[in-house]
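Thanks for coming, everyone. I have a short walk through one structure today. Please bring it up on your screens.

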Amino acid sequence: MESSHSKLTPSCQARVERNRQRALLLRQARLAKQCPQVREEIGNKTSNFRPKDTGGGFLLEEDVPTRRVVVLPAPPVVRPQCEECGNDFVHSYLSLHFNVLVCDSCRDSDGKHALIAKTEAKNRFLLKDCDLDGREPPLKFIVMKNPHYSRGDMKLYLLSQVEKRALEVWNSEEKLEEAKRKRLEEREKRKHKAYNKKVKALRMAVRSSLYNKISEGHVHSYGQESPLDGDMYEKVCLECGHKVQFEKM
């Protein structure tokens, strides 16, 4: 007795096979949704299969490559080395604010690592604003409240860096000292000139006062007569210095 399958035409048999394959793919798709971590081992490779609807009435299995996350080891931490003691350190006040590799233990706050105000730096080392902030590289500084002026701030520089910048500007300590000496001499000359000007103004004021007294009806008060040549005598006012010469017969 022939089976019912052998009585089907070739076209019907092909349609049945397509439906069977479609049902099988649908079943695999349902299983993949219920358990998305299911993987099929093929040979020595592990692949993920995902059903893809082609739009033509059947599904294809799409091979999705597995991605592997590689964690690289962190680079070694390089710590700066103190220029004074040679020990490693993580961070310090000088390295943070002035790019100086000196640890806090070796910081000389009263010496070369002392802070100096901008005004003092200019007067002490004969520097200008452009020497501190314009010349490359500009000097690092911090801003703090001015203790002498409550509403103002002041810039503080590192003393050692200011000294180095002064040598760059003046080329040597000898030239800097010579410039200081000349500036001091010019300052003394200006003071002496101003003093002489004040003395002259005071003398003019005194003379003007004496002249006013005379013009207002001054009465001379002469002192003792002094003999001159022959019969000539002289007497001087004790207040204004007016002299009178006369002859006695």
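I'll take two sheets, a pair of helices and a pocket, in that order. Keep in mind that this is a predicted model.

Let's start with the sheet that holds strands 4, 5 and 6. This sheet is open, and its three strands come in the order 4-6-5. The pairing is antiparallel. Strand 4 covers 115-117 and strand 5 covers 141-145; these two stand at the edges. Each has a single partner strand, so one side of each has no neighbour in the sheet. From one strand to the next, the twist averages 40°.

Now the pairings themselves. Strand 6 runs from 153 to 158 and is joined to strand 5 by five bridges. On that side, Phe-141 stands opposite Tyr-157 in strand 6. Strand 4 is joined to strand 6 by three bridges, again antiparallel. Here Ala-117 has Leu-156 of strand 6 as its bridge partner. One general point for anyone looking at side chains: in a regular strand, they alternate between the two faces of the sheet.

On to the next sheet. This one is also open, with three strands in the order 7-8-9 and antiparallel pairing. Which strands are at the edges? They are strand 7, at 226-227, and strand 9, at 243-247; each pairs on one side only.

Strand 8 covers residues 232-236 and pairs with strand 7 over two bridges, in the antiparallel sense. Look for Pro-227: its bridge partner in strand 8 is Tyr-233. Strand 8 is also joined to strand 9, by five bridges. There, Val-236 has Lys-243 of strand 9 as its bridge partner.

Strands 8 and 9 form a hairpin, with six residues between them. Find Gly-241 in the turn. Its phi is positive, at about 80°.

Next, the helices. Helix 3 is residues 118-125, and it packs with helix 5 at an angle of about 40°. Their axes are 11 Å apart. How is helix 3 set relative to helix 5? Angles of 35 to 65 degrees count as oblique, so that angle makes helix 3 oblique to helix 5. The crossing of the two is right-handed.

Helix 5 takes us to the pocket. This is the second largest pocket, and about 210 Å³ of space lies in it. Which helix gives the most to its lining? Helix 5, residues 159-170, with four residues. The lining includes Gln-161, Lys-164, Arg-165 and Glu-168. Phe-98, Asn-99, Pro-137, Pro-138, Leu-139 and Lys-140 line the pocket too. By class, the lining has four nonpolar, two polar and four charged residues.

Two of those lining residues deserve a look at the backbone. Take Pro-137 first. Where is it? Pro-137 is in the loop between helix 4, at 129-134, and strand 5. The peptide bond that joins Glu-136 and Pro-137 is cis, with omega about -10°.

Then there is Asn-99. This residue lies in the loop between helix 2, at 93-98, and strand 4. Asn-99 has a positive phi, near 55°, and is a residue other than glycine.

To pull that together: the pocket lining takes in Pro-137 and Asn-99. Pro-137 follows a cis peptide bond, and Asn-99 has a positive phi. Helix 5 gives the most to that lining, and helix 5 also packs with helix 3.

That's it from me. I'm happy to go back to any part on the screen.

Notes
Residues numbered from 1 in each chain as written. Predicted model: local features only at pLDDT ≥ 70, side-chain atom pairs only at ≥ 80, totals over all residues. Heavy atoms only, no water. 1 Å grid on protein atoms, 1.4 Å probe; cavity = no way out; pocket = protein on both sides within 12 Å on 5 of 7 lines; lining within 4 Å. Points joined across faces, edges and corners; volume = space filled by probe spheres on them. Nonpolar A, V, L, I, M, F, W, Y, C, P; charged D, E, K, R; others polar. Pairing = 2+ DSSP bridges. Axes fitted to C-alpha atoms, helices over the stretch in contact; angles between N-to-C directions. Parallel < 35°, antiparallel > 145°, perpendicular 65-115°, else oblique. Left-handed = near helix turned anticlockwise from the far one by under 90°.
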